[in-house]
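Thanks for asking me to look this one over. My notes are below as numbered points, so you can follow along with the model open.

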Amino acid sequence: MSAVAPVPEDDDLGLSPSIDDVAAALREDPVLVHPLYGNGARDEVDAALTAKVGTAREEGVPVYVALVPGVPGLAEGDHGYEAAQDLALRLSRELGDGYYFTATDPSSNASADLGTGEWSSTRIEYVPGQSQDAQSAVVGQVAWGVDQLAGTADDPGQYLGGIWQRPDWDIGGDGPSDAFSASFAPAVAFVAVGIGATLLVRNVTRWRETAPAGTRVRRDAKVLADASAPSRGGVDSPDHLATLEHTVRRELDVVGRRRSRRAGRPLDAATRTRVDGSYATAQAILDDPSPGRARRLDLVGALVLTRVAAEALDEPRGAPYRPCFANPLHGRGDRTREVADAGLAVPVCKACSVGPITDPLTVRHGLRRRPYYEGGDVWARTGFGALVDDLWSEVGRARAGGGRS
Ligand SMILES: [Zn+2]
C-alpha cells in the first residue's frame with residue numbers, strides 16, 4: 001500500500017470510498033465529478049466547474065463539490081437527499097467552513113448544498129424553469145449555485161442545455177431527435193457512437209425480416225442452461241425471473257469475493273474502473289430493477305455486467321467482455337456477423353454467426369414478443385455491451401436520467 005493514494009483523473013474513487021477518502025481527494029482537487037454525474041461529458045463538466053470554483057475561492061468562498069457515488073454509512077432516506085446532506089456535513093467537519101455541494105446516489109438525481117460557518121445562512125437559488133421531465137442534471141444546479149457564490153450569476157438558462165443537461169435518451173423509433181443530438185453537442189464522439197448504434201440496431205432488425213426460418217439453432221457451449229431456458233409459464237414468469245436473478249447473484253458473489261482478494265494488489269486504473277463500475281451497476285440493478293416486462297432485460301444486463309467484471313479480473317488489460325448481440329444469454333460473442341447492407345459487423349456467438357437468427361432475446365409487447373434490439377432502451381442501444389466498451393457507464397447514466405434502465 002502506498003502512503004499517498006493518487007487521485008484518479010476521472011474522479012472515480014472506487015466502489016465505496018470512505019468519508020476520509022473523499023476528504024483526502026477534495027484536499028487535492030475541490031471538484032470531484034464521478035463519470036456517473038458527467039452527462040457523457042464529464043471532462044468538460046469538471047473543467048467548467050473547476051473554473052467556477054476557482055472564481056468563488058478568489059472571492060473568498062471555499063467551495064467543494066463532491067459528486068461521489070456509493071459512500072457507505074451515510075444517513076438513509078428514500079431518495080438520497082439525507083445521504084447527500086450527511087456527506088456535506090461530515091466533509092465540512094474534516095475540511096472546515098465553506099460551501100459544499102454533494103451527491104452520492106446517481107440513481108435518484110438527489111443532491112445537497114450546505115454552507116457552514118459564515119456561510120451557514122447563505123441560500124442559493126435553484127435553476128428556474130425546470131419541468132419534471134426535463135430536470136437539469138445535478139451538475140447544472142451545482143454550476144448555478146457556484147455562480148451565485150462567486151457573484152457571477154447572470155443566466156441560469158444556460159444550465160438547461162448542453163453539457164449541463166441530463167441526456168435525453170428517449171429517441172423513439174425514428175432515430176435521434178434534435179434534443180438528443182443537442183444534448184450531446186459537446187461530446188461529439190459520443191453522439192457518433194449513439195447514432196451509429198441506433199442505425200445498427202435498426203438494420204439488425206432486418207435479420208428477422210429477411211432471414212429464412214427453420215434452421216435449428218445450436219446453442220453455444222457457454223449457454224447457461226438454467227438462465228436461458230424458459231421454465232413453465234414462459235420467460236417472463238416469476239419462476240424464470242427468479243432463476244435468472246439467482247444466477248446473477250451467484251456470479252456476482254464470486255466476482256465480489258475475487259475483488260476483495262485482489263484489493264491490495266495493483267490493478268491499472270482503467271481495469272479497476274471497469275471492474276468496480278460493472279460490479280456496482282450490476283448490484284444497483286439487482287437492488288432496484290425496472291418493473292414489469294423490463295425487469296427481465298435488467299436482470300440479463302446485470303448478468304452481462306457481472307461477466308464484464310469477471311473478465312476484467314481474468315484479463316486485466318484485455319478487451320471488455322462482449323456478449324452475443326442477438327441474445328446475451330448465449331454467452332460470449334466471439335464471432336462476428338455482418339448486419340444486412342450496413343457494412344457493419346456485430347459480435348455474436350457461434351450459433352448466431354450463420355443462418356437465420358432464430359433465438360433472439362425477446363421482450364413482450366402486448367400479445368407479441370419482439371427482439372430486444374427493436375426497442376429504444378439502454379440495452380438496445382448498447383447491445384448489452386456488444387456495441388460499447390463501457391456498458392456500466394451507459395447503464396448508470398440511463399438510470400440516472402430516467403430513474404431506471
Ligand atoms: Zn447467439
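**Notes on the model**

1. Let me start with Arg274. Leaving out residues up to four places away in sequence, Arg274 touches Val308, Ala312, Gly318, Ala319, Pro320, Asp389 and Trp392, where contact means heavy atoms within 4.5 Å. Arg274 sits in helix α9, residues 269-287. Helices here are DSSP runs of H or I with at least four residues, strands are runs of E with at least two, and both are numbered from the N terminus.

2. A word on the ground rules. This is a predicted model, in which local features need pLDDT of at least 70 and side-chain atom pairs count only at pLDDT 80 or more, while totals for chains, interfaces and linings use all residues. Residues are numbered from 1 along each chain as its sequence is written, and side-chain values use heavy atoms, with hydrogens and water left out.

3. Which side chain of opposite charge is nearest to Arg274? That is Asp389, 5.8 Å away, and Arg274 is buried yet has no salt bridge. Buried means under 20% relative accessible area, exposed means over 50%, and partly exposed lies in between (1.4 Å probe, protein chains only). A salt bridge needs a side-chain nitrogen of Lys or Arg within 4 Å of a carboxyl oxygen of Asp or Glu. For charge, Lys and Arg count as positive and Asp and Glu as negative, with His and the chain ends not counted.

4. Now the overall picture. The chain has 12 helices and 8 strands, and 51% of its 405 residues count as buried. Among contacts with a separation of 6 or more, 63% are between residues 24 or more positions apart.

5. The zinc site deserves a careful look. Cys324 (SG), His330 (ND1), Cys349 (SG) and Cys352 (SG) coordinate the zinc ion at 2.1 to 2.4 Å. Donors are N, O and S atoms within 2.8 Å of the metal (3.2 Å for Na, K and Ca), and sites may look incomplete because water is not among the atoms. The spacing of the donors along the chain is C-x5-H-x18-C-x2-C. One pair among them joins distant parts of the chain: His330 is in the loop between α10 (294-314) and β5 (335-339), and Cys349, 19 residues apart from it, is in the loop between β6 (344-348) and β7 (362-365).

6. What is the geometry of that site? The site of the zinc ion is tetrahedral, with angles of 95 to 122 degrees among its 4 donor atoms. Four donors earn that label if all angles lie between 85 and 135 degrees.

7. The zinc donors are also worth checking for accessibility. Cys324 is buried at 0% relative accessible area, and Cys349 is buried at 0% as well. His330 is buried at 1%, and Cys352 is buried at 3%.

8. Cys352 lies in the loop between β6 and β7. Apart from neighbours within four places in sequence, Cys352 is in contact with Cys324, Ala326, His330, Arg337 and Ile357. The C-alpha atoms of Cys352 and Phe325 are 8.8 Å apart, with their positions 27 residues apart along the chain. As for disulfides (cysteine sulfur atoms within 2.5 Å), the structure holds 0.

9. Salt bridges number 13 in the structure. One of them joins Asp11 and Arg42 at 3.3 Å, N to O. This pair links distant parts of the chain, with Asp11 in the segment before α1 (19-28) and Arg42 in helix α2 (residues 42-58), 31 residues apart. Both Asp11 and Arg42 are buried, and the two belong to a salt-bridge network with Asp43 and Asp46.

10. Helix α8 offers two further pairs to inspect. Glu251 and Arg307 meet in a salt bridge at 3.0 Å, N to O. Glu251 is in helix α8 (residues 238-262) and Arg307 in helix α10, 56 residues apart, and Arg307 is buried at 14% relative accessibility. Arg259 forms a salt bridge with Asp276, with the closest N and O atoms 3.2 Å apart. Arg259 lies in helix α8 and Asp276 in helix α9, so this pair ties together parts 17 residues apart in sequence. Arg259 is buried at 18%, and Asp276 at 10%.

Methods:
Tetrahedral: all angles 85-135°; square planar, octahedral: opposite > 155°, others 65-115°.
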